[in-house]
Amino acid sequence: QLQASGGGLVQAGGSLRLSCAASGSILSTNPRGWHRQAPGKQRELVALISSGGRVTYADSVKGRFTIARDNVKNTVYLEMNNLKPEDTAIYYCAAYVGGIDYWGQGTQVTVSS
């Protein structure tokens, strides 16, 4: 139902854009988000976008990451700029539908110093 893509290896200071395409019971207007999990750490919220377009970011990524949605394509993006080694993690997209959380398969982002 959620297909994430766009991860990869990038040097510090570089940029990547992640995409998350939804299908099935996930509507383009459902709230969507990106989370990440680094080795040995708990999964954490990175960014959220509400059905109305309101966005929320983790303090650690404010000013560097941007979440956006394309309702026609039912896809959410995470534009990541000025990447840091501490951004290295598996990134998961999520959709929140009537109390049920849907998760994508995760995409690896590795930032080298």
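In this predicted model, the hairpin formed by β9 and β10 has two residues between its strands, and G98 there takes a positive phi near 55 degrees. The two arms of the hairpin, strand β9 (residues 89-97) and strand β10 (residues 100-103), pair in the antiparallel sense through four bridges. One of the residue pairs to look for is Y96 with its bridge partner D101 in β10.

Positive phi values also turn up outside glycine. Most residues other than glycine have a negative phi, so the next two asparagines are worth a visit. N74, which is not a glycine, has a positive phi of about 55 degrees, and its place is in the loop between β7 and β8. With a relative accessibility of 12%, N74 counts as buried, because the cut-off for that label is under 20%. N82 has a positive phi as well, near 50 degrees, and lies in the loop between β8 and β9. Its surroundings leave N82 partly exposed, at a relative accessible area of 43%.

The strands on either side of N74 belong to an open sheet. Strands of a sheet pair through backbone hydrogen bonds, either parallel or antiparallel. Here four strands follow the order β1-β3-β8-β7, and the pairing is antiparallel. Because β1 (2-5) and β7 (65-70) each have a single partner strand, they stand at the edges, and one side of each is left without a neighbour in the sheet. On average, neighbouring strands of this sheet are turned by 15 degrees against each other, direction ignored.

At one edge, β7 pairs with strand β8 (residues 75-80) over six bridges in the antiparallel sense. A handy point for finding this pairing is I67, which stands opposite L78 in β8. At the other edge, four bridges join β1 to strand β3 (residues 16-22), and these two strands run antiparallel. Here A4 has C20 in β3 as its bridge partner.

The side chains of β1 alternate along the strand: L2 and A4 point to one face and are buried, whereas Q3 and S5 point to the other face and are not. On the partner strand, S19 lies in β3 and is buried, with a relative accessible area of 18%. Not counting residues up to four places away in sequence, S19 touches Q3, A4, S5, W34, T75, V76 and Y77.

Attention now turns to the nonpolar interior. In soluble globular proteins, nonpolar side chains tend to be buried together. The largest nonpolar core of this model holds 29 residues, of which W34, V46, F65, I67, L78, M80 and Y91 touch the most other members. At least two residues of this core come from each of β1, β3, β5 (44-49), β7, β8, β9 and β11 (107-112). Strand β9 supplies the largest share, five residues. As for F65, its contacts, leaving aside neighbours within four places in sequence, are R36, V46, Y57, L78, E79, M80, N81, L83, D87 and Y91.

Aromatic rings complete the picture. A search of the whole structure for aromatic pairs finds zero. A charged side chain does meet rings, however: the charged end of R43 sits over the ring of Y92, 3.8 Å from the ring centre. R43 also lies over the face of W103, at 4.7 Å from the centre of that ring.

Note on methods:
Residues numbered from 1 in each chain as written. Predicted model: local features only at pLDDT ≥ 70, side-chain atom pairs only at ≥ 80, totals over all residues. Heavy atoms only, no water. Pairing = 2+ DSSP bridges. Axes fitted to C-alpha atoms, helices over the stretch in contact; angles between N-to-C directions. Buried < 20%, exposed > 50% of the residue type's maximum accessible area, 1.4 Å probe, protein only. Contact = heavy atoms within 4.5 Å. Phe/Tyr/Trp six-rings, centres within 6.5 Å; stacked < 30°, edge-to-face > 60°. Lys NZ or Arg CZ within 6 Å of the ring centre and 35° of its normal. Core = buried A, V, L, I, M, F, W, Y, C linked by side-chain atoms within 4.5 Å.
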